[in-house]
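Reader: Please take one part of this model and look at it closely, stating the cut-off behind each term as you go. I am interested in how charged side chains are placed, and in what surrounds them.

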Amino acid sequence: MDATPTVTAIILLAPFVAYLINVFFGGRLKEKAAFVSLSLVGLSAILSLLVFYHVVSKSLSGHFEGYRGTWLTVPLGSKELALGYQVDTLTAFMLVVVTFVGWFIQLYSVGYMAGDPRFSRYFAFLSLFKSSMLLLVLSDNLVGLYAAWELVGLCSYLLIGFWYEKPEAARAAKKAFIVTRCGDAGFGLGIFLTFYLTGTLSFQEIFHQAEALTGEKAQLISLAAVLLFCGAIGKSAQFPLHIWLPDAMEGPTPVSALIHAATMVAAGVYMVGRLYPLFATPMIEASWSLQVVAWIGALTAFLAATIAVAQDDIKRVLAYSTISQLGYMLLGLGVGGYSAGLFHLVTHAFFKALLFLGSGSVIHAVHTNDMKKMGGLKEAMPITFWTYIIGMGALAGIPPLSGFWSKDEILAAAYIANKPIFIVGLLTAFLTAFYMTRQIGLVFFGKNRDPHSHPHESPPVMWVPLVVLAAGAVLVGFIGTPWYNVFHKLVHFEGAPHHPFKPLPMILSLAAAILGILAGQNLYITNPIKGPDDEPLRRRIGRLYDFLANRWYLDWYDPVKPQPGYYLTPSFIRFTIAQRWVDLHIVDGMVNAVGYLTAYILARFYRLFDLYVVDGLVNWTAWITGFIGNGLRKIQTGLVQHYMFIVLTGLALVALWTLMKQMP
Amino acid sequence: MPDLVSPAAIPVILALLVIGTLLVALTPSAFAHRIRATTLSATLSALVIGIFVFLSFDPSESGWQFSFDYEWLPFIGSRLSFGLDGLSLPLFLLTLFLGPLCVLVSVNEIEERVKEFHICLLLTEIALIGVFTARDLLLFYAFWEVLLIPMFLLIAVWGSGNRVYAAVKFLIYTLVGGLLMLVAIIGTAWAASQTAPLQGRFTFHLDSLLMTRIDPSLQTLLFLGFAVAFAIKVPMFPFHTWLPDAHTEAPTAGSVILAGLLLKMGSYGFLRLALPLFPDACFQMAPLLAFLSVVAVIYGGLMSWVQSDIKRLIAYSSVAHMGLITLGIFSFHPTALLGSLIQMVNHGLSTGMLFMLVGMIYERRHTRDINEFGGLAHVMPAYTAFFLIALLSSIGLPGLNGFVGEFLILVGVFQAQWVWAAAGIIGVLLSAVYMLWLFRRVFHGPVSKAENTTLTDLSFREKWLVLAPVTFFLFLLGIYPVWLLRPSEESVRRVTERVLAERASALTPPSKVFPAIAVQELADDTIQFLFRGKMDLQNTARSGLANAHNGLEALFQQPFQGSPFRFRGQRSAFGGAAQPFDEGESLADRQPLTDDLLKGFQENPFIKRR
């Protein structure tokens with residue numbers, strides 16, 4: 001099916017309609033809300049698959065730029081504001097991930113959220129999220145992208161805080177919104193700078209104009225790219241804004257799977273991929289903005305992997321793993337592995353969603369998040385166990401599961417472009433395999449350490465999505481093997497160098513994964529831990545473990561004891577409170593003082609004025625009148641000759657005056 | 001249809017409201033509901049005419065429409081002159097829209113002196129429409145001051161807590177500004193009469209004044225007179241302290257009018273009068289005013305963060321939002337100006353709605369203390385939903401109206417001065433912090449107080465008559481803002497063109513972003529101190545610094561090439577009438593000001609007649 005404006009609009013709006021229905025009639029729909037949401041999102045998923053098929057077949061048969069079109073044009077003065085979409089191969093893949101993976105997660109939610117008092121509200125928010133996320137991947141301009149970007153952030157806020165009665169959930173929602181907004185501030189500046197430099201906000205136009213720039217402006221394009229990347233740092237939870245994602249696990253687990261693993265957090269990676277021509281100016285090898293991307297990605301990948309090693313909360317391990325893998329994708333994009341990074345995005349969406357849903361299944365069964373209190377679930381939950389093993393293998397990079405192929409591509413690109421980053425990538429691969437084995441060991445092997453729990457397999461509505469996603473996690477990888485790389489053929493960047501296949505990075509990455517698994521097996525599976533307080537790793541690395549468990553003391557939003565923020569944040573708040581005092585007593589005090597003084601002085605002045613001037617004037621007039629009267633009385637003699645004398649003198653003076661005037 | 005409403009629309013609206021006021025005044029106080037109904041129908045019929053006016057408004061026309069011009073005080077050259085253009089239309093509509101809502105929102109809240117209350121409401125609306133449509137400076141001033149009395153009464157009589165203090169403070173503060181403006185208005189009329197086009201004719205009519213170009217040496221002084229009045233009204237930092245008091249103590253309708261409309265009088269005044277009349281002075285003062293705006297944005301945000309009274313928090317957030325609006329105005333960039341204009345409407349709607357919502361909870365709980373609440377989402381879901389929408393609009397979420405204004409302002413400001421835009425973005429970030437903080441404390445978490453468990457959710461009136469219309473416009477303006485933007489575009493373009501073209505003839509060097517010289521001296525001293533007695537090291541360090549400085553300058557100066565501060569364009573359409581003015585001329589070269597003033601008054605026909 002061609003991606004006509006109508007088709008894309010239906011894809012976009014079907015979930016939105018579901019949202020509206022569920023918001024306005026949710027109270028009456030109750031359990032049927034899920035049905036509304038599933039059918040409308042399903043419609044959008046089917047259309048997306050058709051569009052995907054069409055785009056892929058066209059691309060494989062020849063050179064195909066993608067569909068482009070406008071939904072709506074708005075005349076604004078001399079300019080026209082076009083709300084447009086584009087569907088190229090990258091968008092097509094994202095469409096499938098969002099709608100297809102999303103649909104199964106939604107199906108799973110029916111079981112997971114059953115009996116929740118705000119059941120319909122949950123599906124409303126989830127549908128709104130779908131719609132926003134689809135807008136994000138369909139937009140062909142920065143405004144649409146930014147609008148969708150903020151909207152998915154809002155949905156994330158609403159869904160993390162879905163159980164807002166829990167103070168932690170409310171707090172986590174706020175933290176997520178504010179921390180990502182920090183990145184969005186940079187994103188906003190990046191948009192403004194891009195607009196300043198190119199005079200347009202449409203992607204195609206931007207790339208077109210950016211190529212033509214020379215001199216300092218061409219330098220500034222890289223700055224714009226880095227500012228835009230700030231948005232990705234926030235949304236994709238990269239260092240130093242990674243701190244919100246682990247807390248976001250307070251939300252329902254399917255939300256973690258959909259928003260905080262498969263789709264929304266990958267939006268940052270998608271954005272870098274979408275704006276890659278800006279990052280790759282003047283060329284991939286010489287671009288400092290890509291260097292920034294690569295190093296931030298590498299640092300985050302390693303950092304989060306080390307933290308994941310020392311977490312006991314099953315979802316937090318996965319959250320740090322997500323941060324780490326997102327760093328991996330950005331690392332790949334940064335070293336020039338354009339299709340490698342985006343391929344990892346696709347495979348990761350499948351296996352990480354699978355892992356989250358699996359963990360949700362586990363939590364549903366044992367009612368705790370603490371892995372130390374689980375154990376031995378292998379027998380009780382066989383489907384969950386086997387699908388989890390598949391997800392774990394894909395994440396750890398075991399052939400032929402999907403994660404192996406995409407991770408290997410990234411490492412191959414890093415091996416050629418940047419050796420230090422390659423080594424960081426290898427270390428991360430080792431740690432990834434290790435913490436996943438640790439998780440499997442703690443959750444599924446050994447004996448059940450909580451005598452009160454009675455684990456059981458989840459209902460079919462929950463395990464069917466697990467099986468489907470597991471199948472995806474196995475199969476998706478085969479479109480990107482080094483021998484026949486369909487994905488690269490579909491999604492690639494013109495300027496990116498293509499290197500012949502090298503076996504060494506593949507061997508090394510496989511070795512790292514196997515070593516990690518062996519280490520994990522040795523510590524956690526062969527000798528299961530004794531009780532909830534036992535931690536074999538702490539016995540070996542001691543205080544380093546505490547350092548990792550405390551997340552490297554990097555959480556600046558919720559700082560703990562030795563962190564400078566622990567002392568700085570309260571003092572900042574104290575500063576603000578001091579500012580309030582200043583506002584109240586000095587700024588406002590001055591106003592009051594001026595008012596008071598003026599009133600006081602005026603009152604005083606008026607009193608004196610009244611006493612001496614107004615009243616004085618009256619008295620003075622009376623006195624003058626009296627004075628003149630007294631003076632005049634003296635000439636009132638009563639003698640006629642006196643009067644006549646005065647009259648005559650006056651006449652004489654007048655005559656003299658007239659004569660003098662007439663003289664020349 | 002246009003011919004039907006065109007010439008007399010504004011006087012008819014004013015007359016309707018005056019008749020409404022009289023009817024209310026003649027109704028016996030006992031009939032409270034009849035009084036409410038009368039007021040409501042007066043404001044609603046005014047709104048209906050307003051809608052017709054909007055529908056027949058021609059967006060391609062940049063000049064006055066619905067112009068009404070009549071002799072008023074011929075001996076001082078003041079005319080009874082009303083009109084609408086793109087600058088006033090949005091605020092005119094906003095006034096008419098909020099009018100009926102203010103009546104509806106006070107149905108339960110106001111139970112004493114109902115008659116007087118509604119008379120005050122109608123008078124404020126009359127005065128506001130007068131301010132937003134007046135085309136004569138004296139008329140503008142008259143309405144400006146008339147507004148104070150009903151507003152003062154609204155706060156002082158129907159307010160809460162420390163209401164008399166707040167009301168008196170509001171009255172005196174704004175009155176002082178108004179008097180300064182009066183002096184400046186007379187000065188402007190006189191200064192304009194001295195220029196060629198008017199040839200001594202003394203007039204207050206805006207069209208005639210705009211034909212002239214006031215002597216730049218006088219502009220600064222006159223501008224300051226206006227600016228102080230407007231800055232108090234906006235309010236700009238540091239003139240803002242009346243606002244939290246007045247907002248907090250006023251009744252709900254009073255807060256809505258204050259935040260929604262009264263503050264806009266200041267920013268509208270800047271756009272309508274200060275920019276076109278005193279372009280040179282505006283340019284001189286722009287760095288200072290923009291700086292104050294940025295301070296307001298951040299200061300207001302931080303202040304909001306540490307308030308415990310919901311109304312006070314929203315009041316301080318108004319300071320921050322209005323800071324962004326004035327920042328947009330003083331960037332002189334057409335996009336930013338357009339954004340500022342639309343943001344005035346947005347702020348009026350979203351902050352107005354927030355105040356309505358706070359009023360509703362205050363009616364139920366008789367407190368506004370954040371600590372008294374918690375978990376309201378449980379008890380009042382509909383209320384929570386509306387509050388969340390208003391709050392999200394206030395923090396500029398795409399899809400809601402606040403985003404459109406903020407985005408346009410920041411895009412424009414960035415192109416004029418990127419540093420200001422960066423500071424503005426910090427303000428936007430802060431708004432998320434304090435608003436979400438408020439939301440979490442009030443709505444999230446468990447229901448902590450027993451009193452809150454029995455609260456009733458919104459009534460039909462509150463939900464569908466008051467909040468739903470506002471919410472509708474929050475979304476409409478957020479998704480499709482063009483219908484309101486387009487009529488204003490031409491007028492905004494005309495203002496910026498006038499400002500920039502007037503400026504083109506007398507250029508001053510662009511304001512420096514970094515006080516480069518001071519920094520260089522400081523760096524030089526540091527180098528000398530660090531490398532005492534080692535000349536070669538000193539020289540290396542100096543040359544390194546110079547390189548870095550040049551690089552930085554290249555980097556930072558780059559975005560300013562499109563800035564109005566270096567604008568070199570043609571003279572405006574009005575430029576033909578401009579007074580010749582030498583570039584090198586300064587205040588000292590001119591005659592002393594007092595002589596000029598005396599001469600002016602001697603030649604003034606008004607004064608001569610006495």
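Author: Buried here means under 20% relative accessible area, exposed means over 50%, and partly exposed lies in between, with a 1.4 Å probe and protein chains only. The model is predicted, so local features need pLDDT of at least 70 and side-chain atom pairs count only at pLDDT 80 or more, while totals for chains, interfaces and linings use all residues. Residues are numbered from 1 along each chain as its sequence is written, chains are lettered from A and ligands numbered from 1 in the order in which they are written, and side-chain values use heavy atoms, with hydrogens and water left out.

The part I have chosen is the surroundings of B:K115, which sits in helix α5 of chain B (helices are DSSP runs of H or I with at least four residues, strands runs of E with at least two, numbered from the N terminus). B:K115 is buried yet has no salt bridge, and the nearest side chain of opposite charge, B:E116, is 5.9 Å away. Lys and Arg count as positive and Asp and Glu as negative, His and the chain ends not being counted, and a salt bridge needs a side-chain nitrogen of Lys or Arg within 4 Å of a carboxyl oxygen of Asp or Glu. Leaving aside residues up to four places away in sequence, B:K115 touches B:V24, B:A25, B:T27, B:S29 and B:I35 (contact means heavy atoms within 4.5 Å).

One of these neighbours, B:I35, is among the buried residues of α3(B), which also include B:R36, B:T38 and B:T39. The buried residues of α3(B) pack against α2 (9–26), β1 (65–73), β2 (78–84), α4 (89–105) and α5 (114–133) of chain B. Helix α3 of chain B runs over residues 32–55, and its end C-alpha atoms are 35 Å apart, which agrees with the 34 Å expected for 24 residues (1.5 Å times one less than the number of residues).

For contrast, B:R213 does form a salt bridge with B:D280, with the closest N and O atoms 3.0 Å apart. This pair links distant parts of the chain, since B:R213 is in the loop between α9 (206–211) and α10 (216–233) of chain B and B:D280 is in helix α13 (residues 279–305), 67 residues apart. B:R213 is buried at a relative accessible area of 4%, and B:D280 also counts as buried, at 5%. Over all chains, 30 salt bridges are found.
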